[in-house]
Amino acid sequence: MIHIYEIKKNLGEQIKKIRKNKKMTQKELGGSLLSQPTLTKIEKKGIITSYSNYLFIADQLNVSIDELNYLANNKHVSPFQEILLERRNQRLRRFNPVKMDKYIAKCVDYYERTNNRAFWLLEQSAISWKVFHANFEVATLVEYSNKIKIELGNMDKWYLFEIEMMASALYGFNADEVQEIGEYLLDCLKEYKSFIMTEALKLEIILGVMAVLSWNKRSADVIKWGEKIILGTWNSESRKYLHIINFRLALAYLDTNDQKNFHKKMQCAMVLVTIYNINYILEPWKIEVKKNYAEYDDKLKEYGLV
């Protein structure tokens, strides 16, 4: 992990490098806000200036603050961002216990080194995911979901990280509680509607709520929450979850005796599984069907889920 003082020095060097590559003088970069002597100190000595000045410099250079930080950190994201990105990628891929153990160990290591409770929360979220995939018993999620809820419960407001952590904890709550928390999380997200990750978080929240409702045979509520996605804007993020959305809705329509929509949604789910080459998802689906929808074996058999 690069030292903070080294990052400050590198930041000044990167500002100078970008400026020169763009054939800009210090006078052009500073405009009417920053003097040439001030920019020289920033570029050569890495002196700390105000955040608003860094924003101004980034705008003048046509780069983002995130890009500046990335370059100053020797083209690495921060440990926190690294862990978050790894978590999101793992959620979209086939569960791998070996990779998950390494990820959990990394969370523990960063927490011990920084005492940042965010790494502890990420560790708890990962442990719950690992335990659940070991036996697909929902009861095993309750302990970890409550830990996360208690940890965040003393905050008056949840920001993006806390929203993401609660979204990961939804699977351990009951059907009534998960809808209440889900609605609150979606309401919190409205403040971040322009953020690039907001749509992905919204989908994670809705799918978490739909899963819990599906496990509890609250089919009418599953359909209601599914409509929040269907009526929304489709983009690259929502397409990643289309197979799960259709699977959840198919089971809900089957349970409400809507045969037409059941077949329509289940056929879509199966086609998408083939297109995305994610046949591994069928195993957990079979386990879920066996536990919660055994009375519909005759209907689900034709889709290879029995």
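**Entry 1: a single serine**

Does S214 count as buried or exposed? I looked this residue up in the model, which is a predicted one. S214 has a relative accessibility of 1%. Because buried means under 20% relative accessible area, S214 counts as buried.

I then placed S214 in the chain and found it in helix α12. Setting aside residues up to four places away in sequence, I listed what S214 touches: V222, R248, L251, E288 and Y293. I also checked one of these partners by distance. L251 is 37 residues from S214 along the chain, and their C-alpha atoms are separated by 7.6 Å.

**Entry 2: the nonpolar cores**

Next I asked which residues have the most contacts inside the largest nonpolar core. They are L122, I163, M266, W285, L300 and L305, in a core of 80 residues. Helix α12, residues 198–215, gives the most to this core, with 11 residues. I noted that this is the helix that holds S214.

Apart from the largest core lies another, of 17 residues; L29, L39, V63 and A72 are among them. As background, I recorded that nonpolar side chains tend to be buried together in soluble globular proteins.

I took M266 for a further look. Leaving aside neighbours within four places in sequence, M266 is in contact with F247, A250, L251, L300, Y303 and L305. L251 thus appears in my notes on M266 and in those on S214.

**Entry 3: the whole chain**

I turned to the overall description. The protein has 18 helices and zero strands. Its C-alpha trace spans about 80 × 40 × 35 Å along the principal axes. Of its 306 residues, 46% are buried. Among contacts between residues at least 6 apart in sequence, 63% join residues at least 24 apart.

For the surface, I noted an accessible area of about 16,500 Å², with 53% of it belonging to carbon and sulfur atoms. I counted charges as well: there are 45 positive and 38 negative side chains, and the centres of the two sets lie 8 Å apart.

**Entry 4: confidence**

Where is the confidence lowest and highest among the elements? Helix α14, residues 236–239, has the lowest mean pLDDT, at 64, and helix α11, residues 175–189, the highest, at 95. For the protein, the mean pLDDT is 87, and 93% of residues reach 70 or more.

Over residues 1–5 the pLDDT stays under 50, and the model has eight contacts beyond four places in sequence for this stretch. I add a caution here: where pLDDT is low, the predicted coordinates should not be read in detail.

How values were computed:
Residues are numbered from 1 along each chain as its sequence is written. Side-chain values use heavy atoms; hydrogens and water are left out. pLDDT is the predictor's confidence in each residue, from 0 to 100. Helices (H or I, at least four residues) and strands (E, at least two) are DSSP runs, numbered from the N terminus. Contact means heavy atoms within 4.5 Å. A nonpolar core is a set of buried Ala, Val, Leu, Ile, Met, Phe, Trp, Tyr and Cys residues joined through side-chain atoms within 4.5 Å. Buried means under 20% relative accessible area, exposed over 50%, partly exposed in between (1.4 Å probe, protein chains only). Accessible areas come from the Shrake-Rupley method with a 1.4 Å probe; for residues, only the protein chains shown count as cover. Lys and Arg count as positive and Asp and Glu as negative; His and the chain ends are not counted. The place of a charge is taken as NZ of Lys, CZ of Arg, CG of Asp or CD of Glu.
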